[in-house]
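Thanks for making the time; I would like to walk through the packing of one model, taking its cores and then one of its strands in turn. Please have a look at the structure while I talk.

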Amino acid sequence: MPTQVRIFAMPKSLGETLAAGSPIPAPRSHSEITNGRPKSPELGDPPKMMSTIQEKPKEGGITFAGQDSLPKLPIPELEQTCKKYLAALKPLQGPREHAETIAAVQDFKRQEGPELQRRLQEYAIGKTSYIEQFWYDSYLNYDNPVVLNLNPFFLLEDDPTPARNNQVTRAASLVVSALEFVRAVRREELTPDAVKGKPLDMYQYSRLFGTARVPTENGCQIEQDPESKHLVVLCHGQFYWFDVLDDNSDLIMSEKDISQNLQTIIDDATQTPIQEAAKGALGILSTENRKTWSGLRDVLTKVEASNNADCLGIVDSALFVLCLDYTQPSTAAALCQNMLCGTNEVVKGVQMGTCINRWYDKLQIIVCKNGSAGINFEHTGVDGHTVLRFASDIYTDTILRFARTINGQAPSLWKTTSPDPSKRSPESFGDVNTTPHKLEWDMLPELNIAVRFAETRLADLISQNEFECLDFGGYGKNFITSMGFSPDAFVQMAFQAAYYGLYGRIECTYEPAMTKTFLHGRTEAIRTVSEESIDFVQTFWADHPADAKVEALKKACQQHVNRTKECLQAQGCDRHLYALFCVWQRYLDEETYRSSSSMGYSSPLENGSERGSVVGSPGKDSVFSMDEENGLRMRQRGDSTTSQRSRDLHPMPNIFADAGWDKLNNTILSTSNCGNPALRQFGFGPTSADGFGIGYIIKDDGINICASSKHRQTKRFIDTLEGYLLEIRRILRITTRKSTTSKQTRAREIDSTTRPKAANRLKSRGRMITGAETIRAQARSSTGTRSPTEESLMMSEDDELGGYGFFDAGMLLQALKARGEVLDQGEVKASERAAANARRREVGKKLRLVEY
């Protein structure tokens, strides 16, 4: 029976058919009949219509049961959007530049704005979301490589059972848990997400598995095999596959069976020297420019006698890709790089890094030789929150399954689980193939050359980026909330203070806010920089009292919280303005089509996808192209005269031609808070050449941060950030002691003058413990250096440090390190120490203790 492959050019609301709404490319069918493997049609095959696939919830299903009750994403009021837009830009602009932006916004509100707002409202009638198609177009029309530009990564914590942290055991365990997750989604048994009792949209889970981003000459499209049953394994750049599910989405292999398959694959892959395997590592092609990759897919499928089309179909339609790496990075930064883009290791002119062992158009689970594991995902159809649920659930399930081997009554994450494959009859599995198969590509000369050039280009790209991690253990969510701050706002202000302390300026900052309380909601942009945040960083780095710094921090954090709340309700300005821009572009394209239809040109909208600029797109912060570049792009489509005439008749609104639009869409600090205890790190590449990409996870007692940049002193930025986190704790402790009243022991009421003055007498009940001995012992036993965080944790007296001046970004760290050395200058006899203490009691003015 042929398997239907869904091709999404535009997602649909619950209950709508895939053929409804705007015209989309016709779906194609993939056949599973050829040699027991899915067959991929050639790109040139005529499209075949498929039967309607309903997306209504199954009877008794819980996963999508609440979809129909979710409200639609609201279109904000134009006046409010313009007001928020100006508020976001004011702290980033000088007076003259901001005055020009105000004038452009006023013109927009008087002229094009109301008409574009009306057109957007009309466009949104009958659609799930007013932004959804524009959102997908911005991703799918993106031509640059997805690696380091679009795909994020998660780094999982190690398995808590050390014996299970070897590659095969960890990989098999994660695969089984992932397949149980797939089963729960398909049977609609996955518990719906909720925040504070509010249900969240679950649509993205239906897009997570069996999905691939497929490039075409007209942009990319998302293809999905909703009945996919097999897994693709990449090892040493070589491709393998085997079936793992039956027609009911039940597992047909035990963890032991999968382990055996994986070990078999590793043994086979290592028979081919990596130098030889690298020359035919076709996964490297998925890192190419999308138009180039589209042409190479044509090359792969153009030879009729070749089985390349079949191999391509197997990869595209797989549930996900499992990458078994042959390296074991030793540092957190190296692990993060490996999960994001792979390693770059050229030996005798041949690429031997793990960058050849990837397929970036799909969801990937990556497992290193030492069992370290992570996830790299194609970002078009799913956001971090969705993949975070997947990552945390499979991590949790691996632990619970192991617990059930000890205690059969241990709980399970799943409502139901697959029947034990070892107790099923072979006939019940259906037409499946559980034996690993190696995909053998026909390496045409063009492909050999393409692999070579794709590898060298990727090596360049990897070399242009650097990664640094901070596993900050000084404090986390518990301490921050105890001080009365929102953890996310607190960390966002840390980024602002660190950047200002390092460079002395404020830059455009982006943080996504989830809007999944709405149907098919994605994200809205939180603009961190505000007048309050600028006041805080300037106050913090100047010579001001601790109280003033804390008060400025409170105001900045509160402003960030207020903006976050608005964005969570889809009341930001970025998505709305981008939709208005897309409506203008669509209108311009329609006018162009009407003017050119008599000349025989095809409609730029006939495939349901705008072909225009993706300026300010949600998918990628990009600088707006000037009119000359925009006109060039339009002329390259073969319609120079007509399109230019349309542009002259309908000029771009001033708000989008103004420098402020450029500034807001050129993000220097691209940040995202996504994680939980299942993750060690989360991150992505920088979104601009002179910016940082910062992923962070706020845990109860720590903050994990991964920063990337194109060699912008990333290590120094991380060090500055760590110094700030330590210093702001010191300041908060000082101000808390001044303002907090708490119960204290009455032992302090004993006046020291009533105590005996004997200099050589120790108290008979024992020696007073100060902790200094422990610190000295640790310092003596240490064979290496400690991080400033570790040093600070050992010192209980770090509040003694002086103020934090403007150029002291690294001085606090040096001071913390130096104090450890002072403590280790030598032992002092007990009698001498007692005498010294007695003398000190009489020196100086005794202060009255403040309330604490």
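**Cores and an enclosed strand**

Of the 147 residues in the largest nonpolar core, Leu 285 and Phe 536 touch the most other members, where such a core is a set of buried Ala, Val, Leu, Ile, Met, Phe, Trp, Tyr and Cys residues joined through side-chain atoms within 4.5 Å, and buried means under 20% relative accessible area with a 1.4 Å probe, protein chains only. The model is a predicted one, in which local features need pLDDT of at least 70 and side-chain atom pairs count only at pLDDT 80 or more, while totals for chains, interfaces and linings use all residues. Residues are numbered from 1 along each chain as its sequence is written, and side-chain values use heavy atoms, with hydrogens and water left out.

Helix α14, residues 487-503, gives the most to this largest core, with 11 residues; helices here are DSSP runs of H or I with at least four residues, and strands are runs of E with at least two, numbered from the N terminus. Apart from the largest core lies another, of 58 residues, including Phe 320 and Cys 674.

Turning to strand β9, residues 230-235, 6 of its 6 residues are buried, so the strand is largely enclosed by the rest of the structure. His 230, Val 232 and Leu 234 point one way, and Leu 231, Val 233 and Cys 235 the other way. Strand β9 is joined to β10 by 6 bridges, running antiparallel, and to β11 by 4 bridges, running parallel, pairing being counted if DSSP finds at least two bridges. Val 232 stands opposite Trp 241 in β10, and Leu 234 opposite Cys 323 in β11.

Terms used. Buried means under 20% relative accessible area, exposed over 50%, partly exposed in between (1.4 Å probe, protein chains only).
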